Amino acid sequence: MKELWTTMASLMGVLAFSQTLLHTVVPPELRFAFLKLFQRLFNCFSSYCYYEITEIDGVNTNELYNAVQLYLSSSASSSTTGTTSSSNRLSLTRGLNSSAITFGLANNDRLSDVFNGVSVVWEHNVTPRQSQTFSWRPLPEEKRGFTLRINKRDQPGILEEYLEFIANKAMEIRRKNQDRLLYTNSRGGSLDSRGHPWESVPFKHPSTFDTLAMDPIKKREIMCDLRDFADGQAFYKRTGRAWKRGYLLYGPPGTGKSSMIAAMANFLGYDIYDLELTEVNTNSELRKLLMKTSSKSIIVIEDIDCSINLTNRKKSNGTGARNDSVSDTRSGSPGIPIPGDPDNNNGGNNSITLSGLLNFTDGLWSCCGSERIFVFTTNHIDKLDPALLRSGRMDMHIHMSYCSFPSLKVLLKTYLGCEPGDISPDVSSDLAAVIDEAEMTPADISEVLIKNRRDNDKALRELLEVLRKKKMVNRRLRRRRLVAEVEDEAEEKRALDSPKEGGGGAANGGGDDVEVNYKKSEEEDNGID
């Protein structure tokens with residue numbers, strides 16, 4: 001045994017001396033050429049091709065590396081994909097803004113995969129990085145990469161198709177694991193730490209089309225339109241149209257416009273960009289915000305009739321330069337300067353024009369991304385300029401109306417768990433008789449149901465009572481408006497007939513008759529149960 005160790009020590013000494021002599025006598029260039037020749041000889045006799053995918057490509061992150069990492073993570077965590085690893089060691093990670101735990105390959109481990117009947121092998125290589133002398137961007141301490149091994153006879157047929165499959169699969173996994181984000185533009189166009197003009201928080205709104213208080217027929221129509229848009233890449237490319245779509249949600253406050261936007265985002269799995277126009281100073285800044293939005297997103301401008309002035313030019317009095325300008329009308333906030341305004345001391349370059357907003361939704365700059373949805377909301381559609389409402393900008397107009405009987409059944413099921421058969425026919429018919437004339441929003445009805453959600457019978461009784469009272473109030477308001485209109489007409493008639501003798505008395509008599517009829521009708525309403 002002693003002789004064996006002595007022999008091994010002598011051999012190691014000879015090897016060390018030979019290595020030192022080799023490094024001293026043979027120059028580095030010759031050694032490198034010899035190694036390169038050896039690799040070529042090895043590749044000629046080898047039946048495999050090897051491809052290196054590094055984490056860092058120069059100074060930029062290699063997106064293909066991230067895609068391979070996500071794909072292999074899903075393969076390693078699934079027992080039904082047909083993949084097998086050479087060991088039982090897997091790394092567990094949980095990404096930012098993600099609610100799912102993902103699996104990954106451990107350092108210097110291997111994983112085999114099968115694609116279209118062809119077996120390939122992936123190896124995760126992690127080595128220490130040499131010390132950096134100077135770099136514009138700090139690099140990780142470890143050098144990471146994947147090595148793909150494919151048989152030479154299979155390489156021409158599957159390589160490009162396999163890598164494209166990995167990229168698409170990784171995008172699907174990323175969209176599934178990552179929570180939706182809600183973005184808002186930074187105040188005054190300032191940038192965050194990463195140089196982005198958008199700030200984001202996780203989007204956790206639970207609204208869905210199942211809980212949305214709307215006519216089921218209209219909901220199905222909207223869902224079909226959204227699904228056709230999401231699956232319409234080939235259609236939009238064939239027809240030469242930008243892959244985008246616009247929706248205008250209009251109606252009284254409390255009818256569920258914001259809930260509709262959340263339901264659309266949850267249905268499609270899109271992020272939401274909530275654009276605050278009062279924080280945007282110029283058209284150029286508006287375009288830059290659009291360029292920094294991602295695909296598969298919904299760009300929202302809520303209450304556009306309140307945040308900025310988009311007066312209908314057909315109803316304006318022809319103020320020239322003011323027609324195409326957009327100024328802030330929200331009380332308590334500084335106005336956006338209007339070009340040509342004598343009170344504007346900041347010049348004509350610090351304003352958003354109507355033309356800029358139109359180009360934002362339907363101009364050349366709106367095509368800088370794909371699969372985007374624009375959603376505008378307003379309480380008064382008649383105040384918006386027709387150029388903003390035409391097809392191509394706002395393709396689908398959705399009227400968010402007061403609560404109807406089909407919408408009421410959705411609310412009763414959501415808040416009380418009441419199916420149509422759980423409500424007595426008498427109560428159901430009474431609700432159907434008063435719901436339309438009551439003109440109550442889903443938000444108001446929801447509040448009544450929330451307060452009494454522990455007692456369904458009490459909730460239905462109180463809801464029916466509230467609807468009846470609201471119906472009577474609406475009747476009185478309508479009659480008062482009718483009386484006011486008749487009195488205005490009578491006043492105009494008296495003004496026209498005033499030169500004529502006795503004309504005013506006849507007009508006054510007509511107004512008294514209307515008032516008497518109104519009081520009589522009001523007394524009849526007070527007797528209604």
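These legends walk through several close-up views of a predicted model.

**Figure 1. The whole chain, to get your bearings.** Before zooming in, take a look at the chain as a whole, which has 529 residues. Its secondary structure comes to 16 helices and 18 strands. Of the residues, 35% count as buried. The chain exposes about 31,800 Å², and carbon and sulfur atoms supply 53% of that area. Among contacts with a separation of 6 or more, 69% link residues 24 or more positions apart.

**Figure 2. A seven-stranded open sheet.** Here you can follow seven strands side by side, in the order β11-β10-β13-β14-β17-β12-β18. The sheet is open and its pairing is mixed. Strands β11 (198-202) and β18 stand at the edges; each has a single partner strand, so one side of each is left without a neighbour in the sheet. On average, neighbouring strands of this sheet are turned by 20° against each other, direction ignored.

**Figure 3. Strand β12 and its two partners.** This view picks out strand β12, which spans residues 244-250. Six of its seven residues are buried, so the strand is mostly covered. With strand β17 (residues 372-378), β12 pairs in the parallel sense over seven bridges. To find your place in that pairing, look for Tyr247, which stands opposite Val375 in β17. With strand β18 (residues 396-399), β12 again pairs in the parallel sense, over four bridges. Here the residues to look for are Tyr250 and, opposite Tyr250 in β18, His399.

**Figure 4. Strands β10 and β13, joined in parallel.** Staying with the sheet, this view shows strand β10 (residues 181-185) beside strand β13 (residues 271-274). The two pair in the parallel sense over three bridges. Two tyrosines serve as a landmark: Tyr183 stands opposite Tyr273 in β13.

**Figure 5. Thr361, a buried residue in helix α10.** Thr361 is found in helix α10, which covers residues 354-362. Is Thr361 buried or exposed? Its relative accessibility is 0%, so Thr361 counts as buried. Leaving aside residues up to four places away in sequence, Thr361 touches Lys244, Ser366, Phe374, Phe376, Gly392 and Arg393. Some of these names lead back to the strands of Figure 3: β12 takes in residues 244-250, and β17 takes in residues 372-378.

**Figure 6. Helices α12 and α14 pack together.** In this view, helix α12 (residues 405-416) meets helix α14 (residues 442-451). Their axes are 10 Å apart, and the helices pack at an angle of about 35°. The crossing is right-handed. From α12 come Leu408, Leu411, Leu412, Tyr415 and Leu416, and these meet Pro442, Ile445, Ser446, Leu449 and Ile450 in α14. By class, this contact of α12 with α14 has nine nonpolar residues, one polar residue and no charged ones.

**Figure 7. Helix α14 also meets helix α15.** Now follow α14 to another partner, α15. The axes of α14 and α15 come within 8 Å and cross at roughly 145°. This crossing is right-handed. On the α14 side, the contact is made by Ile445, Val448, Leu449 and Lys451, and on the α15 side by Ala459, Glu462 and Leu463. The residues of this contact of α14 with α15 divide into five nonpolar, no polar and two charged.

**Figure 8. Asn452, in the loop after α14.** Between α14 and α15 (456-497) runs a loop, and Asn452 lies in that loop. At 7% relative accessibility, Asn452 counts as buried, because the cut-off is under 20%. Which residues does Asn452 touch, not counting residues up to four places away in sequence? The answer is Leu416, Lys458, Ala459 and Glu462. Leu416 belongs to α12, while Ala459 and Glu462 belong to α15.

**Figure 9. Two loop residues with positive phi.** Asn116 sits in the loop between β7 (110-115) and β8 (118-128). Its phi is near 55°, a positive value in a residue other than glycine. Asn116 is exposed, with a relative accessible area of 54%. Asp303, in turn, lies in the loop between β14 (297-301) and α9 (304-307). Phi of Asp303 is near 50°, again positive in a residue other than glycine. Asp303 is partly exposed, its relative accessible area being 30%.

Definitions and conventions: Residues are numbered from 1 along each chain as its sequence is written. This is a predicted model: local features need pLDDT of at least 70, side-chain atom pairs count only at pLDDT 80 or more; totals for chains, interfaces and linings use all residues. Side-chain values use heavy atoms; hydrogens and water are left out. Axes are lines fitted to C-alpha atoms, for helices over the stretch in contact, and angles run from 0 to 180 degrees between N-to-C directions. A crossing is left-handed if the near helix is turned anticlockwise from the far one by less than a right angle, and right-handed if clockwise. Contact means heavy atoms within 4.5 Å. Ala, Val, Leu, Ile, Met, Phe, Trp, Tyr, Cys and Pro count as nonpolar, Asp, Glu, Lys and Arg as charged, and the others, Gly among them, as polar. Buried means under 20% relative accessible area, exposed over 50%, partly exposed in between (1.4 Å probe, protein chains only). Accessible areas come from the Shrake-Rupley method with a 1.4 Å probe; for residues, only the protein chains shown count as cover. Two strands pair if DSSP finds at least two bridges between them.
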